[in-house]
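Please work through the exercises below with the sequence and the structure open beside you. Try each task on your own before you read its solution.

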Amino acid sequence: MENLRHLMNPLDFSVEELEDLFDLAGEIERDMEGFSHKCDGKILATCFYEPSTRTRLSFETAMLRLGGKCLGFADATSSSAAKGESVADTIRVISCFADICAMRHPKEGAPMVAASRATIPVINAGDGGHQHPTQTLTDLLTIRSLYGKLSNFTIGLCGDLKFGRTVHSLINALSRYEGIRFIFISPKELRVPDYITEMLRQKNIPYEEVIKLEEIMPQLDFLYMTRVQKERFFNEEDYIRLRNFYILDKEKMALAKEKMFILHPLPRVNEISVELDDDPRAAYFRQVQYGLYVRMALILTLLHIQ
Ligand code: NCD
């Protein structure tokens, strides 16, 4: 296929290309019906080797809303991976069936291997603790829609910054915009990986690392909460010790700016108290809605459909 393009990392798209993508997502938000036949006859394959609810259903809904169809698997045990088939072979087969593929895999880099063998666009829907570019597109579109721009704000990222791939992808993506200040809030065992802080230092982007959420709360324009990534811990004891480290509740929110938005990639475990769900600053369910628009825009873009 000519102009075959994949999405592995949020930086695969230039800032200008992302603007176009977000503008298209905005058009879709305003007129969903107008896009309902854009993918007539097209097929999306979702190959999920790791659990997911939102991301897979969001991709499938995106394709269905565009008029296309979906196939795939939601569990590696029901695919030929259980018989020992490689990702490289699976994607060659999927390339014969579908027009585009979204892949999630517990191994870092697996979707890149698939992309190198595919004859259809492959989208990384999360690879291990590495990247989650479509969650990042979702986060960027949400910030842009709520704040009006993608520059000049302070964002706090809180929780499991070590294993949280959405955090890694988002910091990477935001490092290209002006006037962003990062505050990383985590216990010392779950600090953001060195390769990320190193990248920020090289680009002269300001960041701070703190343990206590309360002390920096008043400075934030966005608070990005994350769950402790149980499945990536090597031992259960550490997980149990760290899982209740941060619980955002009304008391802590009283310290926040009146217009500070709370984001979360979801699923939430207990890190945001449900008592905050009706707070107008709680934006995590709106984020899911933006995720649908941006995935629709992404499918159209990668399939070169106008
Ligand atoms: C995230 C993921 O899978 O990394 N979920 C999602 O896709 N929205 C976050 C998480 O699992 O904690």
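The exercises that follow deal with the domains, the open pockets, the closed cavities and the nonpolar cores of this predicted model.

**Exercise 1. Determine into which domains the chain is divided and how many residues of each are in contact with the other.**

Step 1. The chain is divided into domain 1, which covers 10-131 + 291-302, and domain 2, which covers 134-288.

Step 2. The distance between the C-alpha centres of domain 1 and domain 2 is 25 Å.

Step 3. Where the domains meet, 32 residues of domain 1 are in contact with 23 residues of domain 2.

**Exercise 2. Describe the largest pocket by its volume, its lining and the domains that supply this lining.**

Step 1. The largest pocket holds about 390 Å³ of space, and of the 21 residues that line it, Arg104, Arg165, Arg227, Leu266 and Pro267 are the closest to its centre.

Step 2. Sorted by class, this lining of the largest pocket contains four nonpolar, 10 polar and seven charged residues.

Step 3. Helix H2 (54-65) and helix H6 (165-174) each contribute at least two residues to the lining of the largest pocket, while domain 1 and domain 2 each contribute at least three.

**Exercise 3. Find which helix gives the most residues to the lining of the second largest pocket.**

Step 1. The second largest pocket has a volume of about 280 Å³, and among its 13 lining residues Asp20, Leu24, Leu300, Thr301 and Ile305 lie nearest the centre.

Step 2. Two helices to examine are H1 (15-30) and H11 (284-302), each of which supplies at least two residues of this lining.

Step 3. H1 gives the most to the lining of the second largest pocket, namely five residues.

**Exercise 4. Explain where the largest cavity lies with respect to the two domains.**

Step 1. There are two cavities of 30 Å³ or more, and the largest cavity contains about 80 Å³ of space.

Step 2. It is lined by 13 residues, and those closest to its centre are Arg54, Gln135, Thr138, Val288 and Arg295.

Step 3. H2, helix H5 (133-147) and H11 are the elements that give two or more residues to this lining, and the largest share, five residues, comes from H11.

Step 4. Because domain 1 and domain 2 both give residues to the lining of the largest cavity, this cavity lies between them.

**Exercise 5. Locate the largest nonpolar core and name the residues that Ile171 touches.**

Step 1. The largest nonpolar core has 61 residues, and those touching the most other members are Leu140, Ile155, Leu157, Ile171, Leu174 and Phe182.

Step 2. H11 provides the largest share of this core, 10 residues, and since domain 1 and domain 2 both give residues to the core, it lies between them.

Step 3. When residues up to four places away in sequence are not counted, Ile171 touches Leu157, Phe182, Phe184, Val192, Ile196, Met199 and Leu200.

**Exercise 6. Decide whether Ser175 is buried or exposed, and list its contacts.**

Step 1. Ser175 is found in the loop between H6 and strand S6 (180-185).

Step 2. The relative accessible area of Ser175 is 7%, and a residue counts as buried under 20%, so Ser175 is buried.

Step 3. If its neighbours within four places in sequence are left aside, Ser175 is in contact with Phe182, Met199, Leu200, Lys203 and Ile205.

How values were computed: Residues numbered from 1 in each chain as written. Predicted model: local features only at pLDDT ≥ 70, side-chain atom pairs only at ≥ 80, totals over all residues. Heavy atoms only, no water. 1 Å grid on protein atoms, 1.4 Å probe; cavity = no way out; pocket = protein on both sides within 12 Å on 5 of 7 lines; lining within 4 Å. Points joined across faces, edges and corners; volume = space filled by probe spheres on them. Helix = DSSP H or I, 4+ residues; strand = E, 2+ residues; numbered from the N terminus. Nonpolar A, V, L, I, M, F, W, Y, C, P; charged D, E, K, R; others polar. Domains from an automatic or database assignment. Core = buried A, V, L, I, M, F, W, Y, C linked by side-chain atoms within 4.5 Å. Buried < 20%, exposed > 50% of the residue type's maximum accessible area, 1.4 Å probe, protein only. Contact = heavy atoms within 4.5 Å.
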